[in-house]
Amino acid sequence: MDSIIVRGGTPLHGQIRIAGAKNAALTLMPATLLTEEPLTLTNVPRLSDIRTMSQLLQSLGTEVASMQGGQVITLSSYNLASTTADYEIVRKMRASNLVLGPLLAREGYATVSLPGGCAIGARPMDIHITGLEALGAEIELRDGYLHAKTKGGLKGAVVELRFASVGATENIVMAATLAKGTTVLKNAAREPEIVDLVKCLRAMGAEIEGEGTSTITIEGVDRLHGATHQVVTDRIELGTYMIAPVIAGGEVELIGGRIDLLQSFCEKLDEAGVSITETPAGLKVARKNGRIRAVNVKTEVFPGFPTDLQAQMMALMCTAAGESHLEETIFENRFMHAPELMRMGAQIDVHGGVATVKGVERLRGAPVMATDLRASVSLILAGLAAEGETRVARVYHLDRGYEHVEEKLSAVGASIERMKGE
Ligand code: UD1
């Protein structure tokens, strides 16, 4: 298995181009199942999760053509060969469950293995199931698989989610595009990736209103057609690389960066003493004078502070002046990076859903282990600030969500390299 070696202490200067959003691409790709015509996506990030989704779609009969080194993909699902999402693929990535809604809408059947993905909590599927059942699906759990079918097709309904789940919103919106009649989805998730999905579905002929608010209305249509759509900027990759020059020193311009994608995160950085300037190409980020100040953070659904940036913020707080409290409300087991950061000299105390971090003057490099996607990048950020060498093992987690991390960071002056393992 590969590892990444970081030698800390070098200030960062230059530009980093932010890729298209992994989480948007992973919901846009299954939208191909809703139409017989080709769907072309541009600005696709080159990540192992994208390859996993391609494999899953290919196993269902989708043809996947990749261009420009994978940044443009055309998906054609004119003839589906299967309606089963197999455990061997689904276990690698929870987002595989996003084929459920589209398959059900198009074929009237879907068999989808219960997902795997990052080990950051129970992550059940009850909200997806209840929502699709409200549209007339019959869903049973047998042998680790959800078996879903409809009698006479899906029908529009008023659906209120018990929690604004991102994945459930995406599955239900996709399913409702081909249902008979109107679906009103209440307490829908408002994340930018959902807005991006709706834009794409609209380009495919869907009739949808209210994306980005908590009520989305979908008027079912008989068929959708092909389209070309550009994937929105990855706000989590953006937030991660915004922290890099703050923790390491220096100034970096994030090409494609937008504050509106990360309002609450930018407010917290500002409170901590970070300068963020809008430029024609994106955002310029640097530490203001002096040491970063401790700030308290509570993760929330959009537009609140994103759970996917909690680990990176914790890395930053490890070297801040003062004590900070980081409260995780979205996933119940998302502090696995804390013991690893403590191996680097961080002072962290986790009690239930709250981590208390006492900032230290300096972290020290150490061998550490990546436990999930965002945890792994927090260790790299900590390594940029640490004295000496940090070796991050199990970086396959990182490759699921960060495109060429060592190239992007070494281009701005970081001392970082990948060691190939067996
Ligand atoms: C998506 C993102 C993930 C991000 C998360 C929250 C993708 C591919 N992944 O994941 O990076 O961390 O949003 O912003 O877009 N839940 C239930 N029942 C359900 C569904 C969810 O209890 O049926 C719970 C989960 O266990 C979790 C919480 O709701 O505690 C949030 O999950 P959800 O919003 O569905 O996240 P994902 O779509 O899985």
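A crossing of two helices is termed right-handed if the near helix is turned clockwise from the far one by less than a right angle. In the present model, which is predicted, helix α5 (residues 126-134) passes helix α6 in such a right-handed crossing. The axes of α5 and α6 lie 8 Å apart and make an angle of about 20°, and because angles under 35 degrees count as roughly parallel, the two helices are therefore roughly parallel to each other. On the side of α5 the contact is formed by I127, H128, G131 and L132, and on the side of α6 by G167, A168, N171, I172 and A175; by class, these comprise 5 nonpolar and 4 polar residues, with no charged residues.

A second pair is formed by helix α10 (residues 310-317) and helix α12 (residues 373-385), whose axes come within 8 Å and cross at roughly 25°. These helices are therefore also roughly parallel to each other, and α10 passes α12 in a right-handed crossing. A311, Q312 and A315 of α10 meet R374, A375, V377, S378, L381 and A382 of α12, a set that divides into 6 nonpolar, 2 polar and 1 charged.

As to the interior, the largest nonpolar core contains 75 residues, of which L41, V99 and L201 have the most contacts inside it. Helix α6 (residues 166-177) contributes the largest share of this core, with 6 residues. Apart from this core lies another, of 69 residues, which includes I243, F265, C318 and L381. When neighbours within four places in sequence are left aside, L41 is in contact with L28, M29, Q71, V72, I73, L75, H229 and V231.

Note on methods: Residues numbered from 1 in each chain as written. Predicted model: local features only at pLDDT ≥ 70, side-chain atom pairs only at ≥ 80, totals over all residues. Heavy atoms only, no water. Core = buried A, V, L, I, M, F, W, Y, C linked by side-chain atoms within 4.5 Å. Buried < 20%, exposed > 50% of the residue type's maximum accessible area, 1.4 Å probe, protein only. Helix = DSSP H or I, 4+ residues; strand = E, 2+ residues; numbered from the N terminus. Contact = heavy atoms within 4.5 Å. Axes fitted to C-alpha atoms, helices over the stretch in contact; angles between N-to-C directions. Parallel < 35°, antiparallel > 145°, perpendicular 65-115°, else oblique. Nonpolar A, V, L, I, M, F, W, Y, C, P; charged D, E, K, R; others polar.
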